[in-house]
Amino acid sequence: MSHTVQLPLDVTTIQTLLPHRYPFLLVDRVVEFEPNKRVLAYKNVTCNEPYFQGHFPGHPVMPGVLVVEALAQAGGVLTQLSSQTTADGRLFYLVKIDNAKFSKMVVPGDRLDLDVTLKRVIRNVAIYTGVASVAGEQVACAEIVCAEAKA
């Protein structure tokens with residue numbers, strides 16, 4: 001990664017930062033970035049997402065755990081962009097979720113905005129605050145803790 005980040009970042013660039021791939025890559029684009037502070041990304045929620053087949057037939061709703069996972073992945077993008085490295089050789093795992101709240105359903109056709117702020121870094125652990133919204137309305141929020149895997 002170069003020292004200057006050219007926004008927006010597309011999914012091809014995001015795949016150099018995260019190890020996730022379809023159907024589990026939940027960040028489509030990064031539109032704002034402040035090193036070591038904040039990232040704004042989004043996920044286009046489409047009707048052909050594999051989880052909609054069973055969650056729920058006739059009334060598709062994006063699972064809340066996947067909304068939180070999308071926030072965690074956006075946090076991973078923030079960490080990787082801030083350290084100016086690719087996903088090669090670094091692997092972070094979601095280890096804790098605190099204060100998760102879900103206020104609205106996310107459905108096909110929504111653009112899920114992922115606003116993630118880095119609260120602190122302690123050694124190999126990053127603590128993020130994430131807010132997910134659709135059309136300017138908050139749909140979920142959580143405090144997310146991720147840790148880098150020991151090699």
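Helices (H or I, at least four residues) and strands (E, at least two) are DSSP runs, numbered from the N terminus. The model described here is predicted: local features need pLDDT of at least 70, side-chain atom pairs count only at pLDDT 80 or more, and totals for chains, interfaces and linings use all residues. Residues are numbered from 1 along each chain as its sequence is written, and side-chain values use heavy atoms, with hydrogens and water left out.

## Sheet and helix

Six strands make up an open sheet, in the order E1-E2-E4-E5-E6-E3, with antiparallel pairing. Two strands are taken to pair if DSSP finds at least two bridges between them. At the edges are strand E1 (29-34) and strand E3 (92-102), each of which pairs on one side only. On average, neighbouring strands of this sheet are turned by 20 degrees against each other, direction ignored. For such angles, axes are lines fitted to C-alpha atoms, for helices over the stretch in contact, and the angles run from 0 to 180 degrees between N-to-C directions.

Strand E5 (residues 125-134) and strand E6 (residues 137-148) run antiparallel and are joined by ten bridges. In one part of this pairing, Gly 130 has Ala 142 in E6 as its bridge partner.

Helix H2 (residues 64-83) lies across E1, strand E2 (38-44), E3, strand E4 (111-122), E5 and E6. The helix runs at about 55 degrees to E4. Contact here means heavy atoms within 4.5 Å.

## Gln 73 and Val 121

Gln 73 is a residue of helix H2. Its relative accessible area is 1%, so Gln 73 is buried. The terms are set as follows: buried is under 20% relative accessible area, exposed is over 50%, and partly exposed is in between (1.4 Å probe, protein chains only). Leaving aside residues up to four places away in sequence, Gln 73 touches Leu 18, His 20, Phe 24, Leu 25, Leu 26 and Val 27. With Leu 26 there is also a polar contact: a polar atom of the Gln 73 side chain lies 2.8 Å from the backbone nitrogen of Leu 26. A polar contact is a pair of N or O atoms within 3.5 Å; within protein, one must be able to donate a hydrogen and the other to accept it, and residues adjacent in sequence count only if both atoms are side-chain atoms.

Val 121 sits in strand E4. Val 121 is exposed, because its relative accessible area is 51%. Thr 79 is 42 residues from Val 121 along the chain, and their C-alpha atoms are separated by 9.7 Å.

## The loop between E2 and H2

His 55 is in the loop between E2 and H2. An unreviewed UniProt entry lists His 55 under "active site". UniProt positions are given in the numbering used here, feature names are shortened, and annotations may be inferred rather than shown by experiment. With a relative accessible area of 24%, His 55 is partly exposed. Not counting residues up to four places away in sequence, His 55 touches Pro 60, Val 61, Met 62 and Pro 63.

Val 45 is found in the loop between E2 and H2. Val 45 counts as buried, at 3% relative accessibility. Again without residues up to four places away in sequence, the residues that Val 45 touches include Tyr 51, Phe 52, Met 62, Val 106, Val 107 and Leu 112. Val 45 and Asn 124 are 79 residues apart in sequence, and 32 Å apart in space from C-alpha to C-alpha.

## Salt bridges

Side chains of opposite charge can pair when their charged atoms come close. A salt bridge is a side-chain nitrogen of Lys or Arg within 4 Å of a carboxyl oxygen of Asp or Glu. The structure holds eight salt bridges, among them those in the table.

| Pair | N to O distance |
|---|---|
| Arg 38 and Glu 32 | 2.7 Å |
| Lys 96 and Asp 98 | 3.4 Å |
| Lys 104 and Glu 137 | 2.9 Å |

The pair of Lys 104 and Glu 137 links distant parts of the chain: Lys 104 is in the loop between E3 and E4, Glu 137 is in strand E6, and they are 33 residues apart. Lys 104 is partly exposed at 44% relative accessibility, and Glu 137 is partly exposed at 41%. Glu 32, Glu 34, Arg 38 and Asp 115 are joined into one network by salt bridges that share partners. Within this network, Arg 38 counts as buried at 18% relative accessibility, whereas Glu 32 is partly exposed with a relative accessible area of 34%.
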